[in-house]
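This briefing covers the enclosed and open spaces of one model, followed by one of its helices. Please have the sequence and coordinates at hand while reading.

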Amino acid sequence: MRLLHTSDWHLGRSFHRESLHQAQRDFLDHLVAVVREHRVEAVLVAGDVYDRALPGLEAVALFDDVLHRLADLGVPTVFISGNHDSARRLGVGAGLIERAGIHLRTDPDGCATPVLLADAHGPVAVYGLPYLEPSLTRERFGLDSGGHTEVLRAAMARVRADLAERSAGTRTVVLAHAFVTGGEPSDSERDITVGGVASVPASVFDGVHYAALGHLHGCQTLAPHLRYSGSPLAFSFSEADHRKTMWLVDLAADGSVEAERIDCPQPRPLARIRGRLAELLADERLTVHEDAWVQATLTDPVRPATPMEELRRRFPHTLQLLFEPEPSPGEQRVSYADRVSGRADLEIAEGFVRHVRGGGEPDELEQRWLREAFEAVRLAGEREQELPR
């Protein structure tokens, strides 16, 4: 059986305030074309369909459109909800939509109810495990305590119990949205450590023929049967070196897996450049990045006056500007906490003014404002301490 594994669409998300709406539409066009051209027999979407629990109308319209197109192709599609999705909202109308071959698995109580598919070699049971927030789901699995590992183990125990009742030779596919130990995160995933240790061991999925994972945005293989598709688009500059793809998975008669990466269209390349402003503006080797979305880290000892404006004359799509001044000869780098240790609040504030101004001292009026501000804060603190509790 040929499967297409994708995840983390994050419909409605932007990239440093740049709209990704057209890029997401292009990706969904590409997905439908891949399904058609590669004769895909089932599509697996492992969570984070939307970027937020209350998606905007444009994002909902994209999702609605791709559901209709996949249904028209007659290709079964299984979605699970991720930690960015509202499970209740994504699952609205799931019973009706299922009649069109679109299977929305958003309710933890449905973990052991598979989507049953079949090919010439027999049945394939596809189990969808939505994102399981421990604090919200542990009681539903009969647990008094525990984090991500415990709730996923409990969900998989239900899957194995259901599978034990099915015919011998049934191949098993599981969709899950989790941080599996060994995976490489990027800066654009939302932290899921609340509710327990974030990562879960790969052994949770032992015995499964293929686990289609979502949550981490880099495409990666933890084992032949255990893979992240990653997000189809980059959502942070930490993903500049990612190759954005989907997995085209062939599930053999004996449950073994062969997988091929299918590249996703990208709106622009990402580039991270670093150096003094004058060097970045003159370096001919950077010509290749002039049409890219750019993150620039300036190392000038003194902050330039209008760095973003100057950078955008050469790199018009510069989106992020960072400052990491290079130390002067013999200077040792120390932390900010160490630099201000033992200094008075007013002295620290005046030092901040000098820093952002590139060395200029605060004038008399600014010094008076700073003194008045700190005095007001001190008096407010004293009054609060005098209030009865």
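**Pocket, cavities and a helix**

The lining of the second largest pocket divides by class into 5 nonpolar, 7 polar and 5 charged residues. The model is a predicted one. Its second largest pocket has a volume of about 370 Å³, and a search of the whole structure also finds 2 cavities of 30 Å³ or more.

**Second largest pocket**

- Lining the second largest pocket are 17 residues, and those nearest its centre are Ala87, Arg88, Thr106, Pro108 and Tyr131.
- Two or more lining residues of this pocket come from each of helix 3 (87-90) and helix 5 (134-137).

**Largest cavity**

- The largest cavity holds about 70 Å³ of space.
- Its lining consists of Leu129, Pro130, Tyr131, Leu132, His148, Val151, Leu152, Ala176, His177 and Ala178.
- Tyr131 therefore has a place in two linings, being listed both for the largest cavity and among the residues nearest the centre of the second largest pocket, given that a lining residue has an atom within 4 Å of a point.
- Helix 6 (148-164) and strand 9 (171-177) each contribute at least two residues to the lining of the largest cavity.
- The biggest contribution to this lining is that of helix 6, with 3 residues.
- By class, the lining of the largest cavity has 8 nonpolar residues, 2 polar ones and no charged ones.

**Second largest cavity**

- About 30 Å³ of space is found in the second largest cavity.
- The residues that line the second largest cavity are Arg25, Leu28, Asp29, Leu62, Asp65, Val66 and Arg69.
- Helix 1 (21-37) and helix 2 (57-73) are the elements that give two or more residues to this lining.
- Helix 2 gives the most to the lining of the second largest cavity, with 4 residues.
- The lining of the second largest cavity includes 4 charged and 3 nonpolar residues, with no polar residue.
- Charged residues are thus present in the lining of the second largest cavity, whereas the lining of the largest cavity has none.

**Helix 10**

- Helix 10 covers residues 345-357, which makes 13 residues, and at 1.5 Å a residue it should span 18 Å.
- The C-alpha atoms at the ends of helix 10 lie 19 Å apart, which agrees with that expected span.
- The expected span is 18 Å because 1.5 Å is multiplied by one less than the number of residues in the helix.
- Buried residues of helix 10 are Ile348, Ala349, Glu350, Gly351 and Val353.

Technical notes. Residues numbered from 1 in each chain as written. Predicted model: local features only at pLDDT ≥ 70, side-chain atom pairs only at ≥ 80, totals over all residues. Heavy atoms only, no water. 1 Å grid on protein atoms, 1.4 Å probe; cavity = no way out; pocket = protein on both sides within 12 Å on 5 of 7 lines; lining within 4 Å. Points joined across faces, edges and corners; volume = space filled by probe spheres on them. Nonpolar A, V, L, I, M, F, W, Y, C, P; charged D, E, K, R; others polar. Buried < 20%, exposed > 50% of the residue type's maximum accessible area, 1.4 Å probe, protein only.
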